[in-house]
Amino acid sequence: MKPLSEQELSEIVVNAKTPLNIVGGGTWQARNNAEQLYTSGLSGVSLYEPEALTLVAKAGTPLVEIEDLLAKNGQCLPFEPNNLAALQGVKAIPTIGGVVATNASGPRRISAGACRDSLIGVRFVDGNGVVIKNGGRVMKNVTGYDLVKLMSGSFGTLGVLTEVSFKLLPAAQASATVLVFEDEKTCAATMAAALGSPFDVSGAAHIDGITAVRVAGLAGSVEYRAAALASLLDGKIGKFNWQALRDVQAFADQKGDVWRFSVKPSEGPELAAGLRRLGASKIMFDWAGGLLWVLAPTGLDLRKAEYQGHAMLIRGHALPVFQPQPAPVAALEKALRAKFDPKNILNADRMT
Amino acid sequence: MQMPVANAEIIARKAEIVARLRSVLPIDAVIDDPVATKVYECDALSAYRCPPLAVVLPASTIQTAAVLKACHEMGVPVVPRGSGTSLAGGAMPTADSVVLGVARLDQVLETDYENRFIRVQSGRTNLSVTGAVETNGFFYAPDPSSQLACAIAGNIAMNSGGAHCLKYGVTTNNLLGVTMVTMAGEIIELGGAYLGSAGYDLLGLICGSEGQLGVVTEATLRILAKPEGARPVLIGFDSNEVAGACVSDIIRAGVLPVAIEFMDRPVIRAVENFVNAGYPDVKALLIIEVEGSETEIDEQLGKIVKIAKRHNPVELRESGSEAESANIWKGRKAAFGAMGQINDYMCLDGTIPVSQLPVVLRRITELSDEYGLDVGNVFHAGDGNMHPLILYDANKSGDLEKCEAMGAEILKLCVEVGGCLTGEHGVGIEKRDLMYEQFNRDDLEIQMMVKDVFDPKWLLNSAKVFPLTASEARRG
Ligand SMILES: Cc1cc2nc3c(=O)[nH]c(=O)nc-3n(C[C@H](O)[C@H](O)[C@H](O)COP(=O)(O)OP(=O)(O)OC[C@H]3O[C@@H](n4cnc5c(N)ncnc54)[C@H](O)[C@@H]3O)c2cc1C
């Protein structure tokens with residue numbers, strides 16, 4: 001089904017008696033065979049005010065369409081959303097609604113926040129078919145509860161997003177990366193030193209013996225900060241493919257499951273060692289050590305490792321995608337979901 | 001302002017309720033003497049007052065859980081309170097409620113510079129969080145003007161902002177985790193020293209929920225390395241429109257200052273009389289601050305000044321020293337106080353799309369003439385968060401009502417042009433009954449359904465946020 005308006009979508013949900021899988025670009029494949037509900041009929045930028053740093057778009061708008069429009073105006077989505085289509089092995093064109101539903105956020109998260117931090121408004125159709133709005137199109141808004149945050153990262157289980165609004169940032173006029181060649185064991189300390197400096201780091205990663213620290217902004221400032229960081233970290237200015245890291249390209253054509261761990265940055269290297277002992281084959285660090293992208297043999301349960309934080313199975317079929325929550329939190333989540341989607345028809349296989 | 005009728009049956013049980021509270025808390029942590037509870041009768045929206053039944057001051061999460069469990073079992077309403085600086089009446093009690101103050105929860109629990117966070121008890125004041133980390137070169141970014149007094153608990157409940165949020169975001173963007181106690185007395189942990197959450201973003205939902213979903217007792221906050229330096233520039237214009245256009249141009253040019261503050265003539269004149277900051281007598285004044293090393297500051301200010309000059313400013317002053325910077329900020333920081341010298345005032349907090357700035361300022365001037373009440377505007381221009389200050393005389397009968405009516409019209413205007421009722425102060429009791437201007441029934445119903453999940457009996461701060469008519473059936 002492919003509704004062409006919010007109204008039509010609402011009618012579909014009202015009349016639905018069996019589960020629906022919401023499909024944006026189709027990056028995340030469902031695990032069940034429920035009927036597909038496509039958002040691609042709800043597409044297009046509804047409002048763009050560059051001087052107010054705000055953009056409103058229908059949920060089915062392709063991400064690339066938005067990124068192109070912003071680039072033409074020297075602006076960007078602050079959170080550097082990832083495109084995991086290649087990693088998932090699908091020919092999908094991610095939509096902005098899918099980005100929001102999965103809270104997709106790239107390397108710049110450590111300085112500019114996640115998708116949920118830039119998201120300032122949503123419209124959605126809940127599981128009763130009721131059209132709801134929350135937040136709006138202004139940068140500061142504390143009117144009523146913040147359901148905007150709740151919707152971001154809820155994987156379509158609380159409602160079908162129809163429209164989303166963002167605050168934007170000026171695109172960086174220049175950027176530079178400082179490279180430090182070192183072992184994974186020491187990388188978290190290097191990245192902590194970078195982020196503990198006043199040099200406004202906008203990316204910190206470690207792959208295969210290379211720690212990379214990025215600065216971005218006005219040209220003169222970038223030159224100054226890159227030099228300062230190179231001297232602080234005893235590194236040198238060089239090249240690093242941030243987009244490849246963002247999209248986890250390195251694992252795209254490799255066999256196996258792909259996991260994402262979010263932990264306290266200083267605990268990243270230790271967790272990596274533990275995961276390797278369990279059988280993980282490749283590990284990349286983002287978010288200053290706080291995010292681990294892990295390639296592991298199919299079906300190997302890496303949640304057996306010791307860590308404080310959370311793990312998500314990004315690619316793979318044999319194990320649960322989402323990490324179970326402690327009982328009191330799980331009870332709240334279940335109750336919320338029952339309020340938003342009492343028929344339990346929206347993306348019923350997710351977040352369980 | 002209407003408040004729900006207090007439950008006489010609960011008030012009649014006061015002795016029994018206080019005895020039960022005393023049985024779960026240390027002796028000095030329960031206050032029921034009417035003279036002593038009077039201190040808690042209002043917050044910074046002081047036009048509205050009502051002493052509570054009793055006040056409890058727990059000193060730990062465990063004590064907080066015990067006291068909430070007791071109130072829950074007795075069916076007694078609870079109003080959480082930080083430092084009582086809310087401008088929206090968020091911490092105002094009802095006569096049948098127990099105020100739960102977190103003032104004794106003021107400890108730093110953990111500082112971790114390597115992972116850039118601090119864990120504190122929620123009663124700790126905003127400024128003292130930065131105070132705890134600044135010798136190590138770090139700071140906590142959200143900086144409400146009330147930061148000397150307000151507590152992290154209140155900041156989280158209201159999702160407070162500050163002068164520097166254009167760059168660093170508001171409370172929710174700097175909050176990593178909380179320990180919270182539900183009305184039923186259950187302790188839950190949300191988030192922590194890592195990014196994101198395994199399930200729903202309940203942390204984001206709690207932040208800004210105005211103390212209606214749970215009582216926050218501890219918070220993990222993101223701390224940042226202090227920039228090398230900061231410098232403001234002061235620019236005066238002979239019209240609000242031109243100042244507004246200048247702000248738009250700066251943002252379009254790809255420069256993102258940490259702060260863009262706007263003051264109009266009534267405020268400029270008031271602060272000049274009050275603190276003598278040496279401001280030019282212009283129609284509109286911008287204070288724009290940028291951060292970084294000396295060279296970086298020069299680069300950014302160079303761009304800003306170039307853009308400003310295209311708009312023919314009447315005055316343009318770049319700070320050349322610490323002292324000059326302080327002087328530029330002096331007037332802005334004293335703005336509320338200066339207006340308070342003239343008369344009582346009501347501070348509005350609507351946000352508008354910045355493109356609508358000239359229209360809204362013009363309409364506010366018209367309303368000021370219609371109502372015969374003076375208005376000054378001082379606000380965060382970069383993000384459209386307006387703070388019109390309407391002057392009135394509290395001792396003159398009818399003046400407060402007139403002022404509120406005018407305030408309501410301004411807030412409706414904010415919504416009409418695409419904005420919202422409140423950008424950082426919260427709804428509380430003040431804007432509760434205007435909620436239908438911004439939301440329809442369905443929008444509010446689903447929010448109330450969220451409260452149903454966290455507080456099924458609607459005992460926690462229930463007279464706030466939702467129009468009384470909307471929440472009536474649930475409040476019982
Ligand atoms: C002069 C002045 C300037 C101000 N400037 C700013 C500004 O620049 N930016 C800004 O955003 N605000 C500003 N404010 C408003 C106010 O300071 C903020 O809303 C502040 O966050 C309130 O904190 P508090 O500790 O005083 O909270 P309180 O006033 O005690 O309570 C505020 C709300 O929080 C709830 N609450 C308190 N503690 C808890 C808890 N432990 N758990 C759950 N809920 C709780 C209360 O029930 C209430 O709804 C200003 C106020 C004044 C008086």
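Which backbone atom of B:Ala151 lies 2.8 Å from the ligand, and what kind of ligand atom does it meet? Here's a set of close-ups from a predicted model to help you find out.

**View 1. Polar contacts to the ligand.** For B:Ala151, a backbone N or O atom sits 2.8 Å from a ligand oxygen. B:Ser86 also uses its backbone: one of its polar atoms there is 2.7 Å from an oxygen atom of the ligand. B:Asn155 brings in its side chain instead, with a polar atom 2.8 Å from a ligand oxygen. On its own the ligand has 980 Å² of accessible area, and the protein covers 93% of that.

**View 2. Who's around the ligand.** Count 33 residues surrounding the ligand, with B:Pro80, B:Gly82, B:Gly84, B:Thr85 and B:Ser146 the closest. Sorted by class, this shell holds 17 polar, 13 nonpolar and 3 charged residues.

**View 3. Where the shell comes from.** In chain B, domain 1 (8–104) and domain 2 (108–225) each put at least three residues into the shell around the ligand. Strand 3 (78–81), helix 6 (152–158) and strand 10 (215–222) of chain B each chip in at least two. Helix 6 of chain B gives the most, with 5 residues.

**View 4. The two faces of helix 18 in chain B.** Within this helix (residues 468–475), B:Leu468, B:Ala470, B:Ser471 and B:Arg475 are the buried residues. These residues lie on the same side of helix 18 of chain B because they cover an arc of only 145 degrees around the axis. Flip to the face turned away from that buried side, and you'll meet the exposed residues B:Thr469, B:Glu472 and B:Ala473.

Note on methods
Residues are numbered from 1 along each chain as its sequence is written. Chains are lettered from A and ligands numbered from 1 in the order in which they are written. This is a predicted model: local features need pLDDT of at least 70, side-chain atom pairs count only at pLDDT 80 or more; totals for chains, interfaces and linings use all residues. Side-chain values use heavy atoms; hydrogens and water are left out. A residue is near a molecule or strand if one of its heavy atoms lies within 4 Å of it. A polar contact is a pair of N or O atoms within 3.5 Å; within protein, one must be able to donate a hydrogen and the other to accept it, and residues adjacent in sequence count only if both atoms are side-chain atoms. Accessible areas come from the Shrake-Rupley method with a 1.4 Å probe; for residues, only the protein chains shown count as cover. Helices (H or I, at least four residues) and strands (E, at least two) are DSSP runs, numbered from the N terminus. Ala, Val, Leu, Ile, Met, Phe, Trp, Tyr, Cys and Pro count as nonpolar, Asp, Glu, Lys and Arg as charged, and the others, Gly among them, as polar. Domain bounds come from an automatic or database domain assignment. Buried means under 20% relative accessible area, exposed over 50%, partly exposed in between (1.4 Å probe, protein chains only). The arc is that of the directions from the helix axis to the C-beta atoms.
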